[in-house]
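Reader: I would like to learn how helix packing and sheet order are read from a set of coordinates. Could you take me through one case, giving the idea behind each step before the particulars?

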Amino acid sequence: MVLRHTARTAAAHNRVIVGDCLEELAKLPDESVDLVFADPPYNLQLERNLLRPNNTVVDGVDDDWDKFSSFADYDRFSRAWLGECRRVLKRDGAIWVIGAYHNIFRVGAILQDLGFWIQNDVIWRKTNPMPNFRGKRFTNAHETLIWAGRDAKSRVTFNYDAMKTANDDLQMRSDWLFPICSGPERLKDDGGRKAHPTQKPEALLHRLILATTNVGDVVLDPFFGTGTTGAVAKRLGRRWIGIERDPDYVRAARERIARAGALPPSTLETARSKRTEPRVPFGTILELGIIEPGALLWDERRQIRAEVKADGTLASEGGVKGSIHRLGAAVQGKTACNGWTFWHFEAEGQLKPIDALRDVAKRQLALTNVPSPVIAAE
């Protein structure tokens with residue numbers, strides 16, 4: 001499928017664009033979006049009504065937008081919208097796509113064919129999945145999300161430390177446990193039926209937006225539905241763009257987002273990862289006079305000692321010399337070592353990792369009048 005791109009102007013943010021996703025995506029400017037969240041049609045291939053044991057009909061997905069004539073037709077559609085999403089993503093942008101076993105493997109292959117670089121697949125495990133009424137297969141209790149950078153060189157945003165902190169100081173895993181959207185959060189139409197059959201829980205969007213964007217970033221949802229992405233993005237201080245063709249969904253989304261409150265800016269600061277901070281080599285700490293040549297460093301048990309040399313290397317008592325990392329590895333008989341956490345200096349009778357000196361160096365580089373402790377030679 002070849003799209004004819006119309007004249008593009010800077011996209012206005014925080015709005016729902018009413019129209020076909022392929023046509024409207026083609027109007028957005030190149031490299032204008034930080035993150036895409038896509039909840040595309042799953043192509044469920046339902047052939048007849050699904051009944052509960054009491055013969056009532058399950059309110060499932062039977063809308064026209066989820067129907068395709070063949071897998072090839074679905075693949076053409078997927079390749080078209082994914083290609084447009086890749087075009088509008090910034091160089092370090094990323095995409096999340098959610099799907100089920102009906103479509104996610106086809107989408108994943110197309111993502112790779114188009115040049116996206118997969119970062120993770122994440123399993124959303126549902127605490128309250130819909131039962132399997134026919135008893136012919138396992139209860140389908142999860143959906144799969146694919147997180148991918150625009151290409152292999154994209155330095156995608158990942159707020160690792162924020163996710164670790166939120167997970168009680170344990171690394172956030174790739175299996176996420178959330179209930180399906182229900183209760184007051186589930187939007188209803190005038191007849192009391194679900195306003196949208198595949199409305200996603202806000203908790204899911206909250207985590208992925210917080211993990212992979214920063215305040216002020218632009219989040220695009222090309223299958224906007226009833227506006228979960230917009231509501232969560234608004235609350236978290238992100239800008240958003242939604243594309244939706246169904247007027248009922250558009251109306252529900254606009255009303256919902258109008259009701260959504262934005263959190264105070266002071267609450268939106270994300271725990272910063274050391275990976276994003278300026279690099280401070282050990283030699284810079286010597287040059288700034290924070291530590292002096294001849295100073296002694298130890299491992300945390302005081303069993304291994306090394307002397308700081310003027311060129312920033314360390315020398316062990318056995319005469320072995322190297323960087324803080326190489327010498328740390330050598331004295332332990334290992335192939336690698338993080339010297340910043342292995343080597344310690346003494347201050348006020350206690351050993352502290354030299355990693356603490358990097359914070360001193362950063363402050364001194366930013367404000368030259370900030371006094372710094374000098375770790376002198378004995």
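Reader: At what angle do helix 5 and helix 6 pack, and how far apart are their axes?

Author: A helix pair is described by an angle and a distance between axes, and in this predicted model helix 5 (residues 202-212) and helix 6 (residues 228-235) pack at about 55°, with their axes 9 Å apart. Angles under 35 degrees would count as roughly parallel and 65 to 115 as roughly perpendicular, so helix 5 is oblique to helix 6. The crossing of these two helices is right-handed.

Reader: Which residues of helix 5 and helix 6 meet?

Author: After the geometry one turns to the residues in contact: Glu-202, Leu-205, His-206 and Ile-209 of helix 5 meet Thr-228, Thr-229, Ala-231, Val-232, Ala-233 and Arg-235 of helix 6. Sorted by class, the contact of helix 5 with helix 6 comprises five nonpolar, three polar and two charged residues.

Reader: Helix 6 also packs with helix 7; what is the angle there?

Author: The reading proceeds in the same way, and for helix 6 and helix 7 the angle is about 15°, with the axes 9 Å apart. Because angles under 35 degrees count as roughly parallel, helix 6 and helix 7 are roughly parallel to each other, and their crossing is right-handed. Thr-228, Gly-230, Ala-231 and Lys-234 of helix 6 make the contact with Arg-256, Ile-257 and Ala-258 of helix 7, and these residues divide into three nonpolar, two polar and two charged.

Reader: How do helix 2 and helix 3 cross?

Author: The axes of helix 2 (residues 71-88) and helix 3 (residues 104-113) come within 10 Å and cross at roughly 45°, and these helices are therefore oblique to each other. Helix 2 passes helix 3 in a right-handed crossing. On the helix 2 side the contact is made by Phe-71, Tyr-74, Asp-75, Ser-78, Arg-79 and Leu-82, which meet Arg-106, Val-107, Ile-110 and Leu-111 of helix 3; the classes are six nonpolar, one polar and three charged.

Reader: Turning to the sheet, in what order do the strands lie, and which are the edge strands?

Author: A sheet is read across its strands, and here eight strands form an open sheet in the order 1-8-7-2-3-5-4-6, with mixed pairing. The edges are strand 1 (15-18) and strand 6 (175-178), each of which pairs on one side only. Neighbouring strands are turned by 20° against each other on average, direction ignored. At one edge, strand 4 (residues 117-126) and strand 6 pair in the parallel sense over four bridges, and Arg-125 stands opposite Leu-177 in strand 6.

Reader: Which strands do helix 5 and helix 7 touch?

Author: Helix 5 packs on the sheet and touches strand 2 (33-38), strand 3 (89-99), strand 4, strand 5 (142-149) and strand 6, its direction making about 140° with that of strand 6. Helix 7 (residues 247-259) packs on the sheet as well, touching strand 1 and strand 8 (239-244), and its direction makes about 175° with that of strand 1.

Reader: Finally, what is the mean pLDDT of the protein, and where is the pLDDT below 50?

Author: The mean pLDDT is 87, and 86% of the residues reach 70 or more. Over residues 49-61 the pLDDT is below 50, although this stretch has 26 contacts in the model beyond near neighbours in sequence. Where pLDDT is low, the predicted coordinates should not be read in detail.

Terms used:
Residues are numbered from 1 along each chain as its sequence is written. This is a predicted model: local features need pLDDT of at least 70, side-chain atom pairs count only at pLDDT 80 or more; totals for chains, interfaces and linings use all residues. Side-chain values use heavy atoms; hydrogens and water are left out. Axes are lines fitted to C-alpha atoms, for helices over the stretch in contact, and angles run from 0 to 180 degrees between N-to-C directions. Angles under 35 degrees count as roughly parallel, over 145 as roughly antiparallel, 65 to 115 as roughly perpendicular and the rest as oblique. A crossing is left-handed if the near helix is turned anticlockwise from the far one by less than a right angle, and right-handed if clockwise. Contact means heavy atoms within 4.5 Å. Ala, Val, Leu, Ile, Met, Phe, Trp, Tyr, Cys and Pro count as nonpolar, Asp, Glu, Lys and Arg as charged, and the others, Gly among them, as polar. pLDDT is the predictor's confidence in each residue, from 0 to 100. Two strands pair if DSSP finds at least two bridges between them.
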